[in-house]
Amino acid sequence: MLNLVLFGPPGAGKGTQSEKLIRKYNLVHLSTGDLLRSQIAAGTELGQRAKQLMDQGLLVPDEVVIGMIENKLQENQSAAGFIFDGFPRTVPQAEALDQLLSQHDTQITTMIALVVDDEELTRRLLLRGQTSGRPDDQNEELIRRRVKEYNDKTTPVADYYNQQGKFAAIDGIGDIETIFSLICSKIEQAVS
């Protein structure tokens with residue numbers, strides 16, 4: 001089973017590359033944001049618990065998110081693999097994910113990080129904000145804060161996977177197809 005963690009700050013190109021990886025490797029996309037919304041819409045026990053917390057302005061605890069991921073793993077037992085998008089964001093989440101996957105006799109194959117410098121990210125997000133209408137992509141100060149928070153919080157997760165020999169950094173600046181080829185070659189190295 002091929003299990004990928006696709007990492008990168010806002011604007012790094014995760015969405016674009018994620019779609020291509022899903023098609024090429026026939027992966028199930030696990031976006032924690034999508035999972036939360038679908039569980040809430042379905043009215044599941046976990047979804048109701050998450051909604052109560054979110055309505056109070058509180059973060060959904062890791063165990064609820066892990067529970068949702070476990071449900072998705074059980075629903076897709078015959079999947080070729082999964083691509084984790086937006087999770088894990090902390091070392092405790094990475095450890096919990098490793099534990100959950102081991103219970104299903106699988107593990108993370110590799111973590112691929114799209115590396116893009118802060119100035120390029122800011123430029124991309126401001127451009128995206130002109131077409132997407134997303135207010136969080138139209139304020140340069142807010143963009144810089146999001147990128148800094150990403151860098152501060154996720155560097156330890158990259159170190160965690162690096163210590164397991166599962167970390168690969170890819171230059172996220174350049175042609176989409178070239179970046180995709182680089183990612184695929186890292187995946188092929190990880191599975192061989």
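What follows is a walk through a few local features of this structure, from a loop near the start of the chain to some helix pairs and exposed loops. Keep in mind that this is a predicted model.

Let's start with P9. You'll find P9 in the loop that runs between strand β1 (2-7) and helix α1 (14-25). Being in a loop doesn't put P9 on the surface here: its relative accessibility is 5%, and the cut-off for buried is under 20%, so P9 counts as buried. What does P9 touch? Setting aside neighbours within four places in sequence, its contacts are K14, L114, L121 and Y150. For a sense of distance, try D55, which sits 46 residues from P9 along the chain. The C-alpha atoms of P9 and D55 are 26 Å apart.

One of those contacts, Y150, leads us to the aromatic rings. How many aromatic pairs turn up in a search of the whole structure? The count is 3. One of them brings together F7 and Y150, with ring centres 6.0 Å apart and planes at 55 degrees, so this pair is tilted. Tilted is the label left over when the planes are neither under 30 degrees apart (stacked) nor over 60 (edge-to-face). This pair also ties together distant parts of the chain, since F7 belongs to strand β1 and Y150 to helix α7 (residues 140-163), 143 residues away. Both partners are tucked in: F7 is buried at 6% relative accessible area, and Y150 is buried too, at 18%.

Another pair is made by Y160 and Y161, and here the geometry is edge-to-face, with 5.2 Å from centre to centre and 80 degrees between the planes. Y160 is buried at 15% relative accessible area, and Y161 is buried at 0%. While we're on rings, have a look at F180 as well: K20 lies over the face of that ring, 4.8 Å from its centre.

Now for how the helices pack. Helix α7, home of Y150, packs against helix α6 (residues 118-132), with the axes 10 Å apart and an angle of about 130 degrees between them. Over 145 degrees would count as roughly antiparallel and 65 to 115 as roughly perpendicular, so α6 and α7 come out as oblique to each other. The crossing of α6 past α7 is right-handed. On the α6 side the contact is made by D118, E119, L121, T122, L125, L126 and R128, and on the α7 side by E140, I143, R144, R146, V147 and N151. You've met L121 before, as one of the contacts of P9.

A second helix pair is α2 (residues 32-42) with α4 (residues 62-75), packed at about 85 degrees with axes 10 Å apart. That angle makes α2 roughly perpendicular to α4. Here T32, L35, L36 and Q39 of α2 meet V65, M68, I69, N71 and K72 of α4.

Finally, three loop residues. L59 sits in the loop between α3 (45-55) and α4, and L59 is exposed, at 78% relative accessible area. Its C-alpha atom is 17 Å from that of V91, 32 residues away along the chain. Then there's N26, in the loop between α1 and β2 (28-31), where phi is positive at about 60 degrees even though the residue isn't a glycine. N26 counts as exposed at 57% relative accessibility. D105 has a positive phi too, near 55 degrees, and is likewise not a glycine. D105 sits in the loop between α5 (91-103) and β4 (110-115), and at 75% relative accessibility D105 counts as exposed.

Technical notes. Residues are numbered from 1 along each chain as its sequence is written. This is a predicted model: local features need pLDDT of at least 70, side-chain atom pairs count only at pLDDT 80 or more; totals for chains, interfaces and linings use all residues. Side-chain values use heavy atoms; hydrogens and water are left out. Helices (H or I, at least four residues) and strands (E, at least two) are DSSP runs, numbered from the N terminus. Buried means under 20% relative accessible area, exposed over 50%, partly exposed in between (1.4 Å probe, protein chains only). Contact means heavy atoms within 4.5 Å. Rings of Phe, Tyr and Trp (its six-membered ring) pair if their centres lie within 6.5 Å; planes under 30 degrees apart count as stacked, over 60 as edge-to-face and the rest as tilted. A charge sits over a ring if NZ of Lys or CZ of Arg is within 6 Å of the ring centre and within 35 degrees of the ring normal. Axes are lines fitted to C-alpha atoms, for helices over the stretch in contact, and angles run from 0 to 180 degrees between N-to-C directions. Angles under 35 degrees count as roughly parallel, over 145 as roughly antiparallel, 65 to 115 as roughly perpendicular and the rest as oblique. A crossing is left-handed if the near helix is turned anticlockwise from the far one by less than a right angle, and right-handed if clockwise.
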